[in-house]
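Biologist: Let us go through some of the labels on this chain. I want the reasoning behind each one.

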Amino acid sequence: MKYDRSCDQLDPKAFGRVAVLFGGNSAEREVSLTSGERIYAALNRQGVKCQLIDACENVVEQLQQYAPDYAFIALHGGKGEDGTIQGLLETMGIPYPGSGVMASALAMDKYRCKLLWQSIGLPTPEFALVMGVDHLGHAESLLPAFVKPSMEGSSVGVTRVERREDLEAACERAGQHKGPVLVETFIDGPEFTVGILNGQALPAIRIEAEGEFYDYQAKYLSDNTRYSIPCGLTPVKEQELQAVALTAFEALGCSGWGRVDFMQDQQGRFWLLEVNTIPGMTDHSLLPMAAADAGISFDELVIEILKTADV
């Protein structure tokens, strides 16, 4: 499926000065550094005036000094993806592409995101919020399960748990990160992801990790993770998956660009895991892969994303 490009042929130089916000101080800093550098290089190749700004500290002062016409947020996790930076940019009157304050905050909070999907009948695996190791009762009934921080991305702090005796240690590990701990029942089947760009679903990708699950190592470091495009679904099932992805994305109020992750069970049903409002843009990342399959080069993808900025 090819991406339906906007009719307007915008000269990339018309964006003026673009600040690429990267780095930050979340657990996904290293991924963000790579994403930001690749976006900056793509803008440079197309003649766009741009500057990298590490959001780790003094981000307000750096933005005031550069005075950009647009900001491209390449921050993953933490304050870069939970609505905080988005609110800052809106306060400073700097347009940026992607989801706004409310949608970013909802998507980053896995627990509330799943509550919202449940409330409108979208399928998501059964789950429980664990506020402390003294409250593991319901969580035990969900095993086998994934134990994860409710407000982190890139599988940071995630453990797959099969036995009750391993649950407490996994919760303590996840609890070292931001937010309460989410226990989500395991869906036995293949994993898929669908990229979203400017209101359109990109081709789905099937992911097959070499290890126990698609963890940080499999996402960013391993060359043995297998990505399949075409994804192996029938055209009808892929369209079903894309439709659920768009509905889940829009239900949170997300916009511009993003990625929706799924599991498929043995009966062929799709289950929503999470939405990423600022997906990775590294050479191992999924959105650039899906875009390439839709006929969009990495440089074109960066411009297509920037075009979704609200002015």
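Modeller: Start with a cut-off: buried means under 20% relative accessible area, exposed over 50%, partly exposed in between. Keep in mind that this is a predicted model.

Biologist: Why is Cys171 called buried?

Modeller: Its relative accessible area is 4%. The limit is under 20%, so Cys171 counts as buried.

Biologist: What makes Cys231 buried?

Modeller: Cys231 has 3% relative accessibility, so it falls under the limit too.

Biologist: How do you know that Cys171 is too far from the closest cysteine sulfur for a bond?

Modeller: That closest sulfur belongs to Cys113, 20 Å away. A disulfide needs two cysteine sulfur atoms within 2.5 Å. Cys171 is therefore too far from it for a bond. By this rule the count of disulfides is zero.

Biologist: What makes Ala67 partly exposed?

Modeller: The relative accessible area of Ala67 is 36%. Partly exposed lies between the 20% and 50% limits, so the label fits Ala67.

Biologist: And why is Asn198 called partly exposed?

Modeller: Asn198 has a relative accessible area of 39%, so it also falls between those limits.

Biologist: What is the phi of Ala67, and where does this residue lie?

Modeller: Phi is about 50°, a positive value, although Ala67 is not a glycine. Ala67 lies in the loop between helix H2 (59-66) and strand E3 (70-73).

Biologist: What makes a positive phi worth a remark?

Modeller: Most residues other than glycine have a negative phi.

Biologist: Which bond joins Ile229 and Pro230?

Modeller: A cis peptide bond, with omega about 0°. Pro230 sits in the loop between strand E11 (226-228) and helix H10 (235-251).

Methods
Residues numbered from 1 in each chain as written. Predicted model: local features only at pLDDT ≥ 70, side-chain atom pairs only at ≥ 80, totals over all residues. Heavy atoms only, no water. Buried < 20%, exposed > 50% of the residue type's maximum accessible area, 1.4 Å probe, protein only. Helix = DSSP H or I, 4+ residues; strand = E, 2+ residues; numbered from the N terminus.
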